[in-house]
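Q: I would like a close look at one helix of the structure shown below, together with the parts of the chain that surround it. Please connect the details into one account instead of listing them.

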Amino acid sequence: MLRCLNFNMETDIGLLQCDSSNDWSLAKKLKSEDPVQFHTLVRMHLSFVLDLNTDDCDSQPEKSKLRSVKWSFVPFTKKTKLPGKTSEGPQLTKDGISQVYQLIEFLSKEENIVQEGIFRRTGKLTRQQELKSHLTSGEIIDLNNGYYSVHDCASVLKTYLADLQEPLLTEAYFPAYCQIAELCSHKPNDDRLQQALQLLVLLLPQDNWVILRDVLQLLNLVASRQIENKMSPENLATLFTPHLLCPRKLPPEALHSTSQSLSKVVALMISVGLDLFRIPTALATDIKMYWERRK
């Protein structure tokens, strides 16, 4: 069962920590006390893993609208600016995440994750609009009374992610995800894939980190019951890649091709699950050395 959101990385350490080390404690302390150094270290390790030059990267910690990041390789696909088209969806907020968590908690129940076609079948549109309205108004909803179906709730969760102003993984490091997609195609068993994704997750704003963790935990749970629900990591990735990763301003034809190419990355993230939120060993070592030098 998924646990309640608390929007604090500190209380997530116990869940994600897999050994007796204090990697998460030291990482959180560095991120809190010296965020510039934290992001510099993470980006440096990302450049090692993906062979990227991040000297021109001018991203600022904990900012989601970081569209000025430049890398030393040609992006997989260029963002296309459409005349007059802007992202007008809602911003990611703690209140919004709290409301959407009602859906995540409901969908994670044993009897719901085995529903065939969960996230693929659409449910009833009028009920979904009503449910979305209740969530937007901040209501606590009894989803166990049977009025809203599993497919209603799954569709509203997808819609919430699709309507956000920016994809959940943000557009700041989109070229890096494109390179990971290339690696997935040519070297699917490369250890660098998971390391790169772990580092990119660390660069997310806190609210994005929180909801991504819970969405991926849910999708990993759904995929673990694919014999019953017919939803493999690849099936789920096909549905969620446009919402999690693709830039909002791509024209339809570019969105389709980009989503197809990047779905391998999202499928890997779903398969990895909560392991995606661990500190890579090399980065943990450097963070420990940082604090040793500060003594």
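A: What follows starts with the chain as a whole, turns to helix H7, and then moves outward to its surroundings.

The model is a predicted one. Its protein chain contains 14 helices and zero strands, so that reading along the sequence gives the pattern α-α-α-α-α-α-α-α-α-α-α-α-α-α. Of the 295 residues in the protein chain, 52% are buried, and among the contacts between residues at least 6 apart in sequence, 77% join residues at least 24 apart.

Within this chain, H7 covers residues 150–163. The helix has 14 residues and reaches 20 Å from its first C-alpha to its last, which is close to the 20 Å expected at 1.5 Å a residue. H7 is mostly covered, with 11 of its 14 residues buried, and these are Val150, His151, Asp152, Cys153, Ala154, Ser155, Val156, Leu157, Lys158, Tyr160 and Leu161. The elements that cover them include H4, H5 (110–113), H6 (125–136), H10 (206–223) and H12 (233–244).

The packing against H4 can be described in more detail. Two packed helices are described by the angle between their axes and the distance between the axes. For H4 (residues 94–107) and H7, the angle is about 145° and the axes are 10 Å apart, while the crossing of H4 and H7 is left-handed. On the H4 side the contact is made by Gly96, Ile97, Val100, Leu103, Ile104, Phe106 and Leu107, and on the H7 side by Val150, Cys153, Ala154, Val156, Leu157 and Tyr160. Sorted by character, the residues of this contact comprise 12 nonpolar, one polar and no charged.

Another of the elements that cover H7 is H12, and His243 is located in that helix. Not counting residues up to four places away in sequence, His243 touches Lys158, Leu161, Ala162, Pro167, Leu168 and Arg248. Lys158 and Leu161 among these are buried residues of H7. His243 itself has a relative accessible area of 16% and is therefore buried, the cut-off being under 20%.

H12 also holds Phe240, whose partner Phe119 lies in the loop between H5 and H6, so this pair ties together parts that are 121 residues apart in sequence. The ring centres of Phe119 and Phe240 are 5.0 Å apart and the planes meet at 75°, and the pair is therefore edge-to-face. Both residues are buried, Phe119 with a relative accessible area of 0% and Phe240 likewise with 0%.

H10, which is also among the elements covering H7, has 18 residues that should span 26 Å at 1.5 Å a residue, and this agrees with end C-alpha atoms 26 Å apart. H10 is mostly covered too, with 16 of its 18 residues buried. The structure holds five aromatic pairs, and one of them is the edge-to-face pair of Trp24 and Trp209, at 5.8 Å centre to centre with 70° between the planes. Trp24 is in H2 (residues 23–33) and Trp209 in H10, 185 residues apart, so that the pair links distant parts of the chain. Trp24 counts as buried at 3% relative accessibility, and Trp209 does so at 1%. Ring pairs also bring in Phe277, giving a cluster of Trp24, Trp209 and Phe277.

Finally, the loop between H7 and H8 (174–186) contains Thr170. Most residues other than glycine have a negative phi. Thr170, although not a glycine, has a positive phi of about 65°, and with 4% relative accessibility this residue counts as buried. A second case is Lys230, also not a glycine, with a positive phi of about 60°. Lys230 is placed in the loop between H11 (226–229) and H12 and is partly exposed, with a relative accessible area of 43%.

How values were computed
Residues numbered from 1 in each chain as written. Predicted model: local features only at pLDDT ≥ 70, side-chain atom pairs only at ≥ 80, totals over all residues. Heavy atoms only, no water. Axes fitted to C-alpha atoms, helices over the stretch in contact; angles between N-to-C directions. Helix = DSSP H or I, 4+ residues; strand = E, 2+ residues; numbered from the N terminus. Left-handed = near helix turned anticlockwise from the far one by under 90°. Contact = heavy atoms within 4.5 Å. Nonpolar A, V, L, I, M, F, W, Y, C, P; charged D, E, K, R; others polar. Expected span 1.5 Å × (residues − 1). Buried < 20%, exposed > 50% of the residue type's maximum accessible area, 1.4 Å probe, protein only. Phe/Tyr/Trp six-rings, centres within 6.5 Å; stacked < 30°, edge-to-face > 60°.
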